[in-house]
Amino acid sequence: QVQLVESGGGLVQAGGSLRLSCAASGPIFSINAMGWYRQAPGKKRELVATITSGGSTNYADSVKGRFTISRDGAKNTLYLQMNSLKPEDPAVYYCNADLFDRRLVEYDYWGQGTQVTVSS
C-alpha cells in the first residue's frame, strides 16, 4: 500500500519558519509530479507549490519568494520550506504525488495533512 506521510507542521509566530516533509512509501515504481496544497477552514483546497520529477517548480502567487519546494528522489521525500509565515498561511497542508506503482498503474495520492498555525 502506497502511503504519503506528512510531518513538520505546528505553531509558529508570524515571521517565523517551518519545514514540512512528506515521505512516500510502499510499492512505488516512480514518482512524477509532487506538490503541496492547503485548506483553511471554510475554504477550498488550494495549490501551494508543485515540483516535477525534473525539478521544475511552480508556486502560488501568495507564497512566491517565501516558500521553497524541493524533493529528494532517492528518499521519495518532498519538502516545503516556509519562511516569513503570515497570518493568512494557517491551514492544513496536504502532500500530493502523481506516481506509478510497481504494477505500472498511475495513481494520484494524498497524505493525511499536517496543521500549520501562525500566531500574530
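Arg45 lies over the face of Tyr94, with 3.7 Å to the ring centre. Arg19 does likewise with Tyr79, at 4.1 Å from the ring centre. For such a charge over a ring, NZ of Lys or CZ of Arg has to be within 6 Å of the ring centre and within 35 degrees of the ring normal. The model is predicted, so local features need pLDDT of at least 70 and side-chain atom pairs count only at pLDDT 80 or more, while totals for chains, interfaces and linings use all residues. Residues are numbered from 1 along each chain as its sequence is written, and side-chain values use heavy atoms, leaving out hydrogens and water.

Rings also meet rings here: the whole structure holds two aromatic pairs (ring centres of Phe, Tyr or Trp, the last by its six-membered ring, within 6.5 Å). Tyr37 and Trp110 have ring centres 5.0 Å apart and planes at 65°, so this pair is edge-to-face (planes over 60 degrees apart). The pair ties together distant parts of the chain, with Tyr37 in strand 4 (residues 28-39) and Trp110 in strand 10 (residues 106-110), 73 residues apart. Strands here are DSSP runs of E with at least two residues, numbered from the N terminus.

Then there is strand 11 (residues 114-119), where side chains alternate: Thr114, Val116 and Val118 point to one face and are buried, while Gln115, Thr117 and Ser119 point to the other and are not. Buried means under 20% relative accessible area with a 1.4 Å probe, protein chains only. Strand 2 (residues 10-13) runs parallel to strand 11, joined by four bridges, and Val12 has Val118 as its bridge partner.

Terms used: Phe/Tyr/Trp six-rings, centres within 6.5 Å; stacked < 30°, edge-to-face > 60°. Buried < 20%, exposed > 50% of the residue type's maximum accessible area, 1.4 Å probe, protein only. Pairing = 2+ DSSP bridges.
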